[in-house]
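Subject: Structure for you to look at

Hello,

Here is the structure I said I would pass on. Please open it and keep it beside you as you read.

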Amino acid sequence: MQIELRTQVIEPRRRTFTNLAERFGDRPASRYEEGTIDVQATENFHYRPLWGPTRWQYDPEYSALRLTDPYSFTDPRQLYYAPYVQSRSSMQEAFSKSLDYLESRSLLGRMPEAWQQLVANVLLPLRHYEAGAQLITTEGVRFCYGTTIDACCTFAAFDRIGNAQQLSRVGIVLSGGSAELLGAAKQAWLEAPALQGLRRLEEELLTERDWGTELVTLDLADRLVYGLMYQFLDEAALLGGAGAYSLIAQHLNTWFADQRRWIDALIATWLADPEVADANRAALDAVLAARWGQVVEAVSDLAAAVDAHVGVGAVDAARSNAAAVAAGLTALGLTVPEVSA
Amino acid sequence: MTVPAQKPARKLSMKQRYSALTHDLNWTPTYVPEAEAFPYTTFEGIKIHDWSKWEDPFRLTVDAYCKYQAEKDRRLYAVLDSFAQSQGQLGLSDGSYLNAMKLFLQGIASEEYQAHRNFAYLARYLNGPGPRFAALCQSLDELRHAQTEIHALSHYNKHFTGFHDWKKMHDRVWYLSVPKSFFDDAVTAGPFEFLIAIGFSFEYLLTNLLFVPFMSGAAFNGDLPTMTFGFSAQSDESRHMTLGLEAIKFMLEQDEDNVPIVQEWLDKWFWRGYRLLALVAAMMDYFLPKRVMSWKESFELYFEQQMLGGLFPDLAYYGIRPPRHVEQAIEEKEILSHQAFWILYQFSHAAAFQTTVPDAAAQEWLTSAYPETFPKLYQPLFEKAQEVMDGGGRFFNMGLPQLCQVCQIPMGFTEPGDPTTICQRHSIFKGERYDMCSDGCKWIFDREPEKYVQAWLPVHQIYQGNCGGPTIPDVLAWYGMQPDDGGDYLGSADHQAWTAWHATAAKEG
């Protein structure tokens, strides 16, 4: 039997906020839309910033990459704060479970010696790469134009520090609860030749003042770093008897798949803009011209270090991954410079 | 580097572990000059010798943060959903209550959002990893607050006037230039001033005066979504308060030369924030059908007792004194809410909320809360306004008021010691005259005239033809207002709808 609950029926005056009704018609809007679209102030600012009086506090000119309507971009994941923290809470919990399992069976310490060395000398230093990525992405949180892009940058920035903390926890477990390996990993980040390309790249990005080109450059590096460290090595670890590595890598892989969704959508939106697509294409080409070679070389150095430890053909894998990424960018109509590496 | 054999190692303490997961991620750039990566932390004159001396006011890692916050939001959104499903708005104390929430959504949500953006500026550009990570967490929290406020009030928007175009209004409407210019001022300042302006003054010194009235008002008046939002934000706010307090102590401890700079910022941001709170004072004493406490009581408890009595004696150790012009704020506690409300009352035809003459019970309450000032100075105004109402009219001021160049509130505040004479101050800068509402605002102007002459003053802008046209309807249309948004509450669309719903409910019940 169905229970008939009687409630007072009240016809609403309107179904959503005016700005959304103007964009989409008077239909009920999602919480993503209400909490994200048109939130940032756009006009009648009062004062020029003391730290940079040539622009307003929110200004499309903080990047060469622009959108005629900043809200032509929306997050394909439709993330606002609440679902974001819920999603990350689950992801972090899953990671903790994996790590607890690895710790309870001492599985990290039972990996082949070479794989342990790889983790200590190559993987753990990348926690600093993640921390640098957080800083670079945070530039977008402050300086991008429009709340849909901002929210994506915000969540990505927080994700990167989360990734850095996950890698750090791996280091703590592998050192049996101490920070010994983390200290060594930091030295490696600062000094090991294989990591200097990535460190230099991030430091140079910290001196750029264009959040968009910073984001895109970082993304180029991410595609190659993640392709090598968490995709290619995931497979290689399983073949090499280092299942523990694979168990760690899968979590970063899952995160990166999520990250790709919004960045790919943003790049597509830039390139599809009805008025400034050409300028955006030129800006993206300029990034590629300036940085692609540097990124490929940095990751090639990283791959060489991987091979020095475990000899799994990482250099070749990095090269073919770079070619695949370049092909994807070319398919978008971008010009990827030839690199000799 | 060799991996240690699985021998028992020195385990990290909780503090060391936190440090390993946060501070220790930092490194000092060597491929580029540090000053080029972090260029904004020197121009304000603040000297930081050792960023590692920053004491983390709380220890949160990303996994713990997401877990707590996800749990809180699950509960909050469950309440919002059930409130909407059950037409919870019918259980409010009165339809007029929502005028307070219109002011809240129009005035505050955008500022939560600005705080979000500018805490990210600190999370990127402070040199020290400790304060950077704390600022990053706060940046996320502020996005949460902006979004949860919008979501909490979204249901009311479907049934009431005034909520529907809050962002455009925030960018354009005269009374919203008060909070907007306040936050624009803060985010265009340097990182250290922002920490004092928002992190300390707003989030610590004045936060109870701002949030407690709105949230307690919600609780007293049956506004479950806002009340739940308020409770849910409380644990974030307590983190923000400890961050603000740590920030000021850190700056003061780093170098004695920082003390006079911080003092001036405190002086400025106390008065700036206090003037902004005039809107809150009016809301507390005049907008709530069920009142929580008077502005005067609130000011005495949350500011005089807790801050002047509790905080400033501690800060005196660093050479910090209570803010300049605080004695004027204390004196004004008897008159502030009435003067601010009288401004809102007479310009309600150009607002996206409604006001009305306080009814007999409300006037009685005002008399008991303000026995020295309300009966003598303000009740007569409302008696006159009531006479106009009784004659079928409504008193609106059809002129455009002069605005204070700094706080941007119409110049309706009075001289110290003389509550019947309007206070006017002015300064000449580069041959132009600028008017201010008070000694506090004049002092702020004179300290940074180059900044305040830039102010986008709504009335000036109307006269310059930048606001949709020369007539009031032109301007209101440009503001994004609809005909039902403003005016008197009695007889308004909201009032009529409220009455009709309850008549139906009574018949059916």
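Below are some notes on a pair of helices and on salt bridges.

This is a predicted model, in which local features need pLDDT of at least 70, side-chain atom pairs count only at pLDDT 80 or more, and totals for chains, interfaces and linings use all residues. Residues are numbered from 1 along each chain as its sequence is written, chains are lettered from A and ligands numbered from 1 in the order written, and side-chain values use heavy atoms, without hydrogens and water.

Helices here are DSSP runs (H or I, at least four residues), numbered from the N terminus. In chain A, the axes of helix 5 (residues 126-143) and helix 9 (residues 211-239) come within 10 Å and cross at roughly 150°. Axes are lines fitted to C-alpha atoms over the stretch in contact (heavy atoms within 4.5 Å), with angles from 0 to 180 degrees between N-to-C directions. Helix 5 of chain A and helix 9 of chain A are therefore roughly antiparallel (over 145 degrees).

A salt bridge is a side-chain nitrogen of Lys or Arg within 4 Å of a carboxyl oxygen of Asp or Glu. By this rule there are 58 over all chains. One of them joins A:R88 and A:D258 (2.7 Å, N to O). A:R88 is in helix 3 (residues 81-104) of chain A and A:D258 in helix 10 (residues 243-271) of chain A, 170 residues apart. A:R88 is buried (under 20% relative accessible area, 1.4 Å probe, protein chains only) at 5%, and A:D258 is buried at 17%.

A:E204 and A:R291 also form a salt bridge, with the closest N and O atoms 2.7 Å apart. Both A:E204 and A:R291 are buried.

Regards

Notes
Helices (H or I, at least four residues) and strands (E, at least two) are DSSP runs, numbered from the N terminus. Angles under 35 degrees count as roughly parallel, over 145 as roughly antiparallel, 65 to 115 as roughly perpendicular and the rest as oblique. Buried means under 20% relative accessible area, exposed over 50%, partly exposed in between (1.4 Å probe, protein chains only).
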